[in-house]
Amino acid sequence: MLRVRAIVRQSWQSFARDYGYCTALDEIIYRIPKRRFEQIGIRSYYTVKMIRYLEAIIARKGGNYRFSENILLKLPMIIELVLCKQYYDNLNFDGKQDAWNHKAIHDNVIASNILRQTIDRFIDKTFEKEEKKIIQKRIKTIFLKVDIGQAMERNWNHFSGSKELSEEAFSDCKYKGKIQKLEYLEPIVSFMKRWVHKDLHQQVDVYLNRIYLTCASLFIDLTKLLLDLADLHGDEKEKVLQFATPYGVMRQIVNDCKDSIPAALNFATATKSKSDGFSDLRNRILTAPILFHLSQEDSTRVKQYLASNQQGLNQEKKTEFFDEMMQSGAIFKAMKIGKLFRARAESYLDLDNPASSYLLDSCKIADFNKYYFIYHKYEGGSLLKKYRKEQLSFRRESSSLVRSFASNETLDSSQKVSCQVHLDKAQIQNNNDFLNKVPV
């Protein structure tokens with residue numbers, strides 16, 4: 001991860017130097033990228049490791065295709081810039097900033113628009129012919145799907161819109177473009193619906209469709225981009241996409257679970273301020289934690305807020321709602337759904353592929369991260385114990401679902417260790433790999 005960050009930083013420094021406008025304007029356009037590239041970006045890391053995974057598949061098939069250095073050095077940075085552009089939009093859509101005023105909104109719009117055009121200019125100048133064509137096509141698709149997903153969020157994944165959304169109306173607002181086949185994810189969807197009130201089943205579908213577009217599509221279309229460059233087809237291509245889809249969905253569910261922490265317990269990240277917590281609830285967006293919570297009897301205060309015309313949430317209310325959602329176990333249930341998508345994704349990785357270990361490791365965020373630590377330790381861990389005791393059926397069903405997946409889906413520790421050793425040996429044999437030469 002540190003090597004990938006070093007690569008991305010070098011590319012970013014070159015980009016900022018060559019595509020600067022003026023000092024004052026650059027401070028507006030590049031303020032989020034500057035912070036972003038100090039962090040380890042999961043999307044850039046995913047890009048590099050998926051490249052290695054695909055190269056191993058090709059080598060096993062007897063091919064000798066290698067992604068160009070331009071792809072390895074520049075594409076991971078582009079993907080992080082795409083995320084930064086989307087985050088400027090989210091700042092305005094979700095009100096995720098400490099000083100949400102007309103100037104801040106204006107600056108975010110300017111930053112989003114100019115950054116998108118600058119990304120286009122960079123791609124046009126940096127890549128040759130076929131590479132350029134493939135990259136431009138997929139980046140445009142990612143932007144389009146995110147915009148469609150944002151429209152879906154505000155109009156149909158919203159508490160007010162959900163009350164009037166019939167099955168027929170939902171079919172009218174479903175995305176009609178090309179979408180990765182999701183039948184193999186149906187068992188998880190059905191499981192989620194069994195534990196969500198029947199009046200909210202339509203919202204489960206809306207929610208999963210929406211996060212497919214706003215988050216999962218980035219990983220899916222990035223993976224398609226790499227598959228197109230490698231000209232990889234057949235069963236191998238299908239399995240890679242079957243990994244990327246639930247992986248992307250899992251990442252968004254994890255993010256939605258992170259959103260439920262009030263500022264009193266929260267901390268800032270490169271793109272998230274302490275005041276960002278509960279932005280989904282404040283905007284009345286129905287995410288996995290909120291859907292599970294509304295299905296519990298003890299959801300009175302949250303439900304009353306969603307049904308009201310109240311604007312904004314003070315810190316006292318956020319802490320109150322946080323406590324109510326923790327007491328109901330809703331957040332722990334949503335975390336489990338993320339783990340199910342993680343397990344489904346893992347089942348499509350080839351453990352004999354040396355790069356699989358790194359992709360598996362990036363899935364661990366669904367099991368534990370610094371936000372989940374707060375949930376686990378809240379009130380001395382008593383609410384986690386309460387959930388485990390009171391939700392035995394839920395937990396047993398979810399465990400049974402994981403076991404029903406393909407045999408390579410549930411990995412015990414010995415398998416993971418074996419896979420890691422395999423990877424380490426491969427690295428030793430590949431000392432000429434230029435990635436390993438980048439200073440950490």
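1. Let me start in helix α11, where V206 is found. V206 is buried, with a relative accessible area of 0%. A partner worth displaying alongside is W156: the C-alpha atoms of V206 and W156 are 7.0 Å apart in space, while 50 residues separate the two in sequence. Please keep in mind throughout that this is a predicted model.

2. Staying with the same topic, T214 is also found in helix α11, which covers residues 201–230. Is T214 buried or exposed? At 14% relative accessibility T214 counts as buried, because the cut-off for buried is under 20%. Once neighbours within four places in sequence are set aside, T214 is in contact with V146, G149 and Q150.

3. Now a step back to the chain as a whole. The protein chain holds 22 helices and zero strands. Of its 440 residues, 57% count as buried. If you take the contacts between residues at least 6 apart in sequence, 80% of them join residues at least 24 apart. The accessible surface comes to about 19700 Å², and carbon and sulfur atoms account for 50% of that.

4. The helix I would look at next is α16, residues 315–328. Its 14 residues reach 20 Å from the first C-alpha to the last, which is close to the 20 Å expected at 1.5 Å a residue. At the start of α16, a side-chain oxygen of N314 comes to within 3.2 Å of the backbone nitrogen of E316. Just after the helix, G329 takes a positive phi of about 80 degrees.

5. Which residues of α16 are buried? They are K318, F321, F322, E324, M325, M326 and S328. You may like to colour these and then show what they pack against: α13 (279–282), α14 (288–294), α15 (300–307), α17 (330–346), α19 (370–377) and α20 (382–390).

6. K317 lies in α16 too. With a relative accessible area of 28%, K317 is partly exposed, because that class runs between the 20% and 50% cut-offs. K317 and V302 sit 15 residues apart in sequence, and their C-alpha atoms are 9.5 Å apart in space.

7. On to the aromatic rings. How many aromatic pairs does the structure hold? There are 24 aromatic pairs. In one of them, F322 with Y375, the ring centres are 6.1 Å apart and the planes are at 25 degrees, so the pair is stacked. F322 lies in helix α16 and Y375 in helix α19, so this pair ties together parts that are 53 residues apart in sequence. Both F322 and Y375 are buried.

8. A second pair makes a useful contrast in geometry. The ring centres of F368 and F373 are 6.2 Å apart and the planes are at 85 degrees, so this pair is edge-to-face. F368 counts as partly exposed at 42% relative accessibility. F373 is likewise partly exposed, with a relative accessible area of 42%.

9. There is also a grouping of rings to display together: W12, F15, Y19, Y30, F37 and F122 form one aromatic cluster.

10. Two charged side chains lie over ring faces. R284 is over the face of Y305, at 4.2 Å from the ring centre. K333 is over the face of F394, at 5.4 Å from the ring centre.

11. K333 leads to my last stop, Q391. Where is Q391 found? Q391 is in the loop between α20 and α21 (392–404). Although in a loop, Q391 is buried, with a relative accessible area of 12%. The side chain of Q391 makes a polar contact with the side chain of K333, at 3.3 Å. Leaving aside neighbours within four places in sequence, Q391 is in contact with W195, S328 and K333. S328 is one of the buried residues of α16, and K333 is the lysine that lies over the face of F394.

Key: Residues are numbered from 1 along each chain as its sequence is written. This is a predicted model: local features need pLDDT of at least 70, side-chain atom pairs count only at pLDDT 80 or more; totals for chains, interfaces and linings use all residues. Side-chain values use heavy atoms; hydrogens and water are left out. Helices (H or I, at least four residues) and strands (E, at least two) are DSSP runs, numbered from the N terminus. The expected span of a helix is 1.5 Å times one less than its number of residues. Buried means under 20% relative accessible area, exposed over 50%, partly exposed in between (1.4 Å probe, protein chains only). Contact means heavy atoms within 4.5 Å. A polar contact is a pair of N or O atoms within 3.5 Å; within protein, one must be able to donate a hydrogen and the other to accept it, and residues adjacent in sequence count only if both atoms are side-chain atoms. Rings of Phe, Tyr and Trp (its six-membered ring) pair if their centres lie within 6.5 Å; planes under 30 degrees apart count as stacked, over 60 as edge-to-face and the rest as tilted. A charge sits over a ring if NZ of Lys or CZ of Arg is within 6 Å of the ring centre and within 35 degrees of the ring normal. Accessible areas come from the Shrake-Rupley method with a 1.4 Å probe; for residues, only the protein chains shown count as cover.
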